[in-house]
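This briefing addresses chain symmetry, one helix pair and aromatic contacts. The structure under discussion is shown below.

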2 protein chains.
Amino acid sequence: MLTTEIPYKTYLGEDELPKAWYNVRPVMKNKPAPLLNPATHQPATLDELSRVFCTELAKQELNETDEYIPIPQEVRDFYKMYRPSPLVRAYFLEKALGTPAHIYYKFEGNNTSGSHKLNSAIAQAYYAKKQGLKSVTTETGAGQWGTALSMACAFFGLDCHVYMVKCSYDQKPHRREVMRTYGASVTPSPSDTTAVGRKILAENPGTAGSLGCAISEAVETALNTPDCRYVLGSVLSQVLVHQTIIGLETKAALEKNGVTPDVIIGCAGGGSNLGGLITPFVGDFIQGKNNCRFIAVEPAACPSLTRGRYAYDYCDTGMVCPLAKMYTLGCTYMPAAIHAGGLRYHGMSSILSQLYDDKILEATSVKQTQVFEAARLFARTEGTLPAPESSHAIYAAIQEALRCKETGKAENIVFGLTGTGYFDMMSYQKFNDGIMTDYVPTDEEILKSLSRLPNV
Amino acid sequence: MLTTEIPYKTYLGEDELPKAWYNVRPVMKNKPAPLLNPATHQPATLDELSRVFCTELAKQELNETDEYIPIPQEVRDFYKMYRPSPLVRAYFLEKALGTPAHIYYKFEGNNTSGSHKLNSAIAQAYYAKKQGLKSVTTETGAGQWGTALSMACAFFGLDCHVYMVKCSYDQKPHRREVMRTYGASVTPSPSDTTAVGRKILAENPGTAGSLGCAISEAVETALNTPDCRYVLGSVLSQVLVHQTIIGLETKAALEKNGVTPDVIIGCAGGGSNLGGLITPFVGDFIQGKNNCRFIAVEPAACPSLTRGRYAYDYCDTGMVCPLAKMYTLGCTYMPAAIHAGGLRYHGMSSILSQLYDDKILEATSVKQTQVFEAARLFARTEGTLPAPESSHAIYAAIQEALRCKETGKAENIVFGLTGTGYFDMMSYQKFNDGIMTDYVPTDEEILKSLSRLPNV
């Protein structure tokens, strides 16, 4: 029997579910740089953003004044179906590592979308419904975001049109069928339903598609469809704000147990889960209320923070979305086909980029075989089979715990377990068969795409 | 906003986790008939059962005197990683149906095995480890049980050898890889590793295998391997006992909310989840402490309670396991290849069979297209994408709720949501594409296999 002064899982009550999201921008000393209109290179206005995004979401994108943004009651009701999510004490992982550290993880995988993506999807669908829209469009690669949005749209009775990168559509039929079960229409991209899709198909017959192309098709469809807008699952500040439900719950659960975190760790692709987890703590840090470390973990194959440049760049490969100032590898950078599809993004959220530049946020990168080794240890000790994306955070948490083993310090390590790996078993198979390889880009590769950054 | 006098999800605290499993046999007026030795047709002795099963589990199989069986501390510690599981009030499903009924479901899918199977797997692995065994063998069809056992064995450091029906091994590689990730060795059955496997391969080259053959291979391997036993995931009374953790938690959560159930519903294959859910309430019913109805829901393609005969039969198609008196379609009955693989079993737990014969348990059968319609409605309203097996219970719960809509009575309907459908998306695809068909056996088909029942 283990000594368990703290519960394995801390569940907040439904009455403790946060009533407002957190927005760290008001307390940041150096604000993130504004989004720029891609045509004029001037800061994007509410009016411009509202053509592509729901008006309320465009307002949230620009909101640098309100530290708390109320969560609508309808969204809170939906949240109650799968939230508050558990904060878990990883007793068995600690035991396996022989560390004096106390390891906690916030688990976001207990919903059908299998990840934290649902937290923002339901908010975005709600504002679309409230604005009187009939439908939304989006793109999806591996499918987590598309699944989450399909669930959210089914709940509010909105039509949902997902452009799914063709190779995923063909090779990952399972998530596609989840989306269809929730009533979404799923189109393999590139398709002949848009001008940009037809152009790409004419130039590259038989192409397997790309996320950049799928974004372009989704945006074109949104602009050409009455009562329709485009929605996005990461990178944007509005998405980070919605995801703070993770960090706010984590904070409340830690406080309930009288625990002060020493280090908080999250995987980072576009940055929405990491930002959502840490920014409520970062706000306190900036105001001198804690002395916590914050660590972003990114794949060695797509190292935007650790090897990218802090500059204005396009958010999408198709160069139709606004420009953001961020740590980026360049929007033409093509990351290797690693198994953490959700982390294959060339840039990083403007908020997180500024925090990294201000040295409030640390960053590290990990190779994928190391990631799967950490995932396997975690599965066997803690039971839950983690997503490859989430396993980046597991790896870094283990490293911190082993450091504590050397120093003998019982630090409190918190990490975000963003999702489960049930739709990633073919990646696990590669690992189980011992045929998974690593990929680290050369400096030349990165410099090549950085040389094409827009002139802003 | 909905009126929510009762929480969406009721979580018991870890200190409220039951300390003992429930065994209904002591309070049953008519006891289930004893297992028989297949060679002698005499009641199987502890000694005989202990050759195949762990000794402590064989004792539990024969235990008709202890109403409560203590849960070992190590098993309770493991349970704390995913239990107590939530009791959910289906507010959004109620709203969609416009019923005055209050619908509750006990959700067992929040663990990597994706179902309730883990509740017994961890207990069986624990007793195997305690007995000093080095390994266990089992069979798996769709893979839920094999996955659960692999997780349990990884936790206790036991070798786990799973014989997986060959067509599943080939067509459902995802669950196979989950098992391998947890360190299990998975062999497609029939295989050349056993005498029975070689015999079947010689007679039927290229066969896709069957559960009956896989059981025979697993039992043969257990008998021929030092420090090894065979374990089973359903049907047996010991498994029902372990699964009562479901019903005991349900009871505690309902009592916490001051709710008295009017009807409790579960899907039924071998009967372990249904028995685990209802027997703590059935014990009270027999003792006049409640007036609840209990409903078993089985597939129309495999209707052992509703169309079978109450007789002694083999538990396995290979006829190597003990004989059990149960409602059965005959162990040579080959159910159609429906998508609820976990319910394709020819017989029913002896305990449940006796309760059905005593008219304490009701039963109904459902066609699979009806089941998937219920599953889709549930997914879109309640968020969680259910397993096809569990969706049998959803269908019946909806029927009860619609009956309440007619009578105007606000009855409390409770059902077991045994698991998630994440590894069943190819079945959902058939449904989404409108090409799923139903199958109901003719009387002749059933009479044919019943005519081959053993002469006991």
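**Helix packing and symmetry in a predicted model**

In chain A, the axes of helix α11 (residues 237–256) and helix α12 (residues 272–286) come within 6 Å and cross at roughly 60 degrees. Because angles of 65 to 115 degrees count as roughly perpendicular, this crossing falls outside that class, and α11(A) is oblique to α12(A). The model is predicted.

**The α11(A)–α12(A) contact**
- The crossing of the two helices, α11(A) and α12(A), is right-handed.
- From α11(A), the contributing residues include A:V239, A:L240, A:Q243, A:I246, A:G247 and A:L254.
- From α12(A), the contact draws on residues including A:N273, A:G276, A:L277, A:P280, A:F281 and A:D284.
- By class, 8 nonpolar, 9 polar and 2 charged residues make up the contact of α11(A) with α12(A).

**Relation of the chains**
- A turn of 180 degrees with a shift of 0.0 Å along the axis lays chain A on chain B, with an RMSD of 0.0 Å.
- This is therefore the relation of a two-fold axis.
- The C-alpha of A:N110 is the one in chain A nearest the axis, 3.1 Å from it.
- Both copies use the same surface, since 100% of the contact residues of chain A recur in chain B.

**Aromatic pairs**
- Over all chains, the count comes to 42 aromatic pairs.
- The ring centres of A:Y422 and B:Y422 are 5.9 Å apart and their planes are at 25 degrees, so the pair is stacked.
- A:Y422 lies in the loop between β15 (412–417) and α17 (425–432) of chain A, and B:Y422 in the loop between β15 (412–417) and α17 (425–432) of chain B, so the pair joins two chains.

Key
Residues are numbered from 1 along each chain as its sequence is written. Chains are lettered from A and ligands numbered from 1 in the order in which they are written. This is a predicted model: local features need pLDDT of at least 70, side-chain atom pairs count only at pLDDT 80 or more; totals for chains, interfaces and linings use all residues. Side-chain values use heavy atoms; hydrogens and water are left out. Copies are superposed by least squares on the C-alpha atoms of residues with pLDDT of at least 70 in both. Contact means heavy atoms within 4.5 Å. Axes are lines fitted to C-alpha atoms, for helices over the stretch in contact, and angles run from 0 to 180 degrees between N-to-C directions. Helices (H or I, at least four residues) and strands (E, at least two) are DSSP runs, numbered from the N terminus. Angles under 35 degrees count as roughly parallel, over 145 as roughly antiparallel, 65 to 115 as roughly perpendicular and the rest as oblique. A crossing is left-handed if the near helix is turned anticlockwise from the far one by less than a right angle, and right-handed if clockwise. Ala, Val, Leu, Ile, Met, Phe, Trp, Tyr, Cys and Pro count as nonpolar, Asp, Glu, Lys and Arg as charged, and the others, Gly among them, as polar. Rings of Phe, Tyr and Trp (its six-membered ring) pair if their centres lie within 6.5 Å; planes under 30 degrees apart count as stacked, over 60 as edge-to-face and the rest as tilted.
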